[in-house]
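User: I should like to learn how the features of a protein model are read, beginning with the general idea and then turning to the case at hand.

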Amino acid sequence: MRTAILASALVASLVGCMTPDDGFTDVPIPGREDLAQRIFHARIEDGLSEEITIDAPEGLESVLMEVRGDKGLYYLSKFKTPSGDLIEGGTYTTRFAREVPGLVDWLYPNSPTLQMEGGEYKLLIRGETPDGGKLTEDIEIRLYAKKQTGIETCGVHLDFLVDENAIDNSQFELAVDRMATWANNLYASQGIRVLDYSISPISLPNPNFNVDDTTTVMGQVDDVLRQARSSGSARADSVHVVVVRNIGGSEPSGYAMGLPGPFDADRSNAAVLVSTDAYTDADNLLDVEGLGSTVAHEVGHFLGLYHTSESNGAQHDPIPDSPMCDDGVCSPEFDKNIMSSGGGASRTSVTPGQAFVMKHHPLCVPTEFEIVLPSCDLACDVPQTCSVIDGDKQCRKACDPDAPECESGVCEPDDMGTFVCH
């Protein structure tokens, strides 16, 4: 495993704690004073839970709700805020959440039109069997409550688990470096950074993942994560990016197992999948920028973002500034947005509303850094280009990472993501 750091910053240190309530078990989260975890239990009878009351203290920013059971599918039927608004299906949307047998997560708020309040939240959970019947079983509900910190920026850790069949062994570390840099530069404009990332090779007995076969693909991902955790290559506080050769089914380029994804690394859906086949041309050249766009897209799903809208306009996310499609007519910014349903490196924008949602996921760690994108204004003679390396502006020879022409050194991205000879 290799670990790289893209941003160094001061992680927020908070004081204070949440007041325990009856029926809850408080569980500490090491190293995260901005988070409090609570666990309690409920029962679904004949397809519907009892009314569940959550007493939230003042000063919370968001809460990730996780429902765990045996093999049921769980849906949020009712969600009332302390002010009495019934908002599920309106401004608060969980109906596009990616539930898997026995597990689902919901993030609140998932739109900048909403905010956490102190007081009682009331919810009802509907449960179905995998064949659509009414469910009866005990469930565990985990709440990951994120406290307000006053820090408006945050960062994520990424763990890349790269199958040996997905990328040429001599190139996979450089390819992942480029993917991570691409994602970091995209997010940074809205106050989100890739704090660091690790790269670990893995060997999969079956390099093909069919995401339409939920049970099988969950088992495959669970096996990958179990082995990675035991070797230390899947950290507890990271988004795990599994790079595979082929993804079968309806999502051939990438797939977030959780939408939103869970906080804990020991869940069978605690990963996103990306496929190199979808970005490899007839000459076996890998479009790393396109793959990097897919990594950023799937991590966006994992941190709580839906597609802005489907191209047919039938579904929309709840974020007001997302570019949309209506009746098959899409806004000019639709194809450029990282959460558009298309693919490729043309997706280069994130809206403030989308960043709001990502920052509220507990895996985005409150982290202070200045939102300043690197720029370079030196006049350089071709084939040199203005480059920023470790904050220093220099004229360096531009290079193609797939066919580098560096007389010495290697072809690698600079601080702006431009590939130059180092």
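Analyst: The discussion below proceeds from the whole chain to cores, cavities, single residues and backbone geometry.

User: On what conventions do the values rest?

Analyst: This is a predicted model, in which local features need pLDDT of at least 70 and side-chain atom pairs count only at pLDDT 80 or more, while totals for chains, interfaces and linings use all residues. Residues are numbered from 1 along each chain as its sequence is written, and side-chain values use heavy atoms, with hydrogens and water left out.

User: How many helices and strands does the chain have, and what share of its residues is buried?

Analyst: Helices (H or I, at least four residues) and strands (E, at least two) are DSSP runs, numbered from the N terminus. The chain has four helices and 25 strands. Buried means under 20% relative accessible area, exposed over 50%, and partly exposed in between (1.4 Å probe, protein chains only). By that criterion, 54% of the 422 residues are buried. A contact means heavy atoms within 4.5 Å; among contacts in the chain with a separation of 6 or more, 73% link residues 24 or more positions apart.

User: How is a nonpolar core read, and which residues have the most contacts inside the largest one?

Analyst: In soluble globular proteins, nonpolar side chains tend to be buried together. A nonpolar core is a set of buried Ala, Val, Leu, Ile, Met, Phe, Trp, Tyr and Cys residues joined through side-chain atoms within 4.5 Å. The largest one here has 51 residues, and F160, I167 and Y187 have the most contacts inside it. At least two residues of this core come from each of β12 (154-163), α1 (172-188), β13 (192-202), β15 (238-244), β18 (272-275), α3 (288-302) and α4 (352-360). The largest share, nine residues, is supplied by α1. Leaving aside residues up to four places away in sequence, Y187 touches I192, V295, A296, V299, G300, V350 and M358. A second, separate core has 31 residues, including A97, V104, I125 and A145.

User: Is α4 mostly covered or mostly uncovered?

Analyst: Helix α4 is mostly covered, with seven of its nine residues buried. The buried residues are G353, Q354, A355, V357, M358, K359 and H360.

User: How does one find enclosed space, and what lines the second largest cavity?

Analyst: Rolling a probe the size of a water molecule over the atoms shows where empty space is left. On a 1 Å grid over the protein atoms alone, a cavity is a set of points where a 1.4 Å probe fits but cannot get out, and lining residues have an atom within 4 Å of a point. Grid points are joined across faces, edges and corners, and a volume is the space filled by probe spheres set on the points. The structure holds three cavities of 30 Å³ or more. The second largest contains about 50 Å³ of space. Its lining consists of Y92, T93, T94, A97, D105, W106, L107, N110, P260, G304 and Y306. These divide into six nonpolar, four polar and one charged, where Ala, Val, Leu, Ile, Met, Phe, Trp, Tyr, Cys and Pro count as nonpolar, Asp, Glu, Lys and Arg as charged, and the others, Gly among them, as polar.

User: With which side chains do S322 and R193 make polar contacts?

Analyst: A polar contact is a pair of N or O atoms within 3.5 Å; within protein, one must be able to donate a hydrogen and the other to accept it, and residues adjacent in sequence count only if both atoms are side-chain atoms. S322, in the loop between α3 and β19 (325-326), has a polar contact of 2.8 Å between its side chain and that of D317. S322 counts as buried because its relative accessibility is 6%. R193 lies in strand β13, and its side chain makes a polar contact of 3.0 Å with the side chain of N184. R193 is buried, since its relative accessible area is 17%.

User: What backbone geometry deserves notice?

Analyst: Most residues other than glycine have a negative phi, and most peptide bonds are trans. Here a cis peptide bond joins Y108 and P109, with omega about -5 degrees, and another cis peptide bond joins V382 and P383, with omega about 10 degrees. P109 is in the loop between β9 (103-108) and β10 (119-128). D46 has a positive phi near 50 degrees, and N284 has a positive phi near 65 degrees. D46 counts as exposed because its relative accessibility is 53%; N284 counts as exposed because its relative accessibility is 55%.

Conventions:
1 Å grid on protein atoms, 1.4 Å probe; cavity = no way out; pocket = protein on both sides within 12 Å on 5 of 7 lines; lining within 4 Å.
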